[in-house]
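Q: Could you take a close look at one part of this structure for me and then show how it fits with the rest? I'm just starting out, so please keep it friendly.

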Amino acid sequence: MKCDKLKDMLMTDYIDGRCAPDLKREIDEHLAVCVTCRQFYSVLVKNAAQPFKGLRPLEAPAGMWEEIKGRIEEKEEALASVSRIFFPVRRAVFALAAFAMVAGLLVGVKAWRLYDTDLMAKYTRDQLYYFSLEETDEGSDNGSFGTVVEEFLL
Ligand SMILES: [Zn+2]
């Protein structure tokens, strides 16, 4: 067992006497050969365990638990009343946030579609087609189709 892990065990289960027998034997064997861990354990016992030896557990005053329980219930009731007041507000804020998200998504999709080159190309083709159908004042007696596009380009 490594010293760091052993020190953790010394500070918890070992000093409390709650180690499983196999683990206690393993720790005892390590302590027998490792000066550093033995010194650590010695300091630990002196400063963390000895001051509490001989103390007897104190009994809680009668009625203490009932008083604590009452205070907890008062706080829970206060929180519940605050929650009842703010729940409709929270619901409205949630609805507003959801609406903002959907609106943002729609604007994003719309903006994305504006930059869609296929869509722009289709729009340009449609516009050219529309202008190509429009008749000019000159008529078609000069061999042309008499379209606006033809007039613009020729
Ligand atoms: Zn060690």
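A: Let's begin with one word we'll need: a residue counts as exposed when its relative accessible area is over 50%, as buried when that value is under 20%, and as partly exposed in between. Keep in mind that you're looking at a predicted model.

Now for the close-up. Glu66 has a relative accessible area of 52%, so it counts as exposed. You'll find Glu66 in helix α4, which covers residues 64-114. Glu66 also has company: together with Glu73, Glu74 and Glu76, it forms a negative patch on the surface.

Let's zoom out for a moment. The chain contains six helices and zero strands, so if you walk along from the N terminus, the elements read α-α-α-α-α-α. Of the 154 residues in the chain, 12% are buried. The accessible surface of the chain adds up to about 13500 Å², and carbon and sulfur atoms hold 63% of that. As for contacts with a separation of 6 or more, 35% of them pair residues 24 or more positions apart.

With that picture in mind, let's set a few other residues beside Glu66. Leu128 sits in helix α5, residues 117-133. Its relative accessible area is 47%, so Leu128 is partly exposed. Leu128 and Val149 are 21 residues apart along the chain, and their C-alpha atoms are separated by 7.4 Å.

Next, try His30, which belongs to helix α2, residues 21-33. His30 has a relative accessible area of 15%, so it is buried. What does His30 touch? Leaving aside residues up to four places away in sequence, His30 is in contact with Met1, Cys3, Leu6 and Cys37.

Cys37 turns up again when you look at Lys7. Lys7 is part of helix α1, residues 3-16, and, again not counting residues up to four places away in sequence, it touches Thr36, Cys37 and Phe40. Here's a detail to look for on your screen: Lys7 is buried yet has no salt bridge. The nearest side chain of opposite charge belongs to Asp4, 5.0 Å away. A salt bridge needs the side-chain nitrogen of a Lys or Arg within 4 Å of a carboxyl oxygen of Asp or Glu, so that distance doesn't qualify.

So, back to where we started: Glu66 is exposed and shares its negative patch with Glu73, Glu74 and Glu76, whereas Lys7 is a buried charge without a salt bridge.

Methods: Residues numbered from 1 in each chain as written. Predicted model: local features only at pLDDT ≥ 70, side-chain atom pairs only at ≥ 80, totals over all residues. Heavy atoms only, no water. Patch = residues over 30% accessible without salt bridge, like charges linked within 9 Å, V, L, I, M, F, W, Y side chains within 5 Å. Areas by Shrake-Rupley, 256 points an atom, 1.4 Å probe, with all protein chains shown as cover. Lys, Arg positive; Asp, Glu negative; His and termini not counted. Charge placed at Lys NZ, Arg CZ, Asp CG, Glu CD. Helix = DSSP H or I, 4+ residues; strand = E, 2+ residues; numbered from the N terminus. Buried < 20%, exposed > 50% of the residue type's maximum accessible area, 1.4 Å probe, protein only. Contact = heavy atoms within 4.5 Å.
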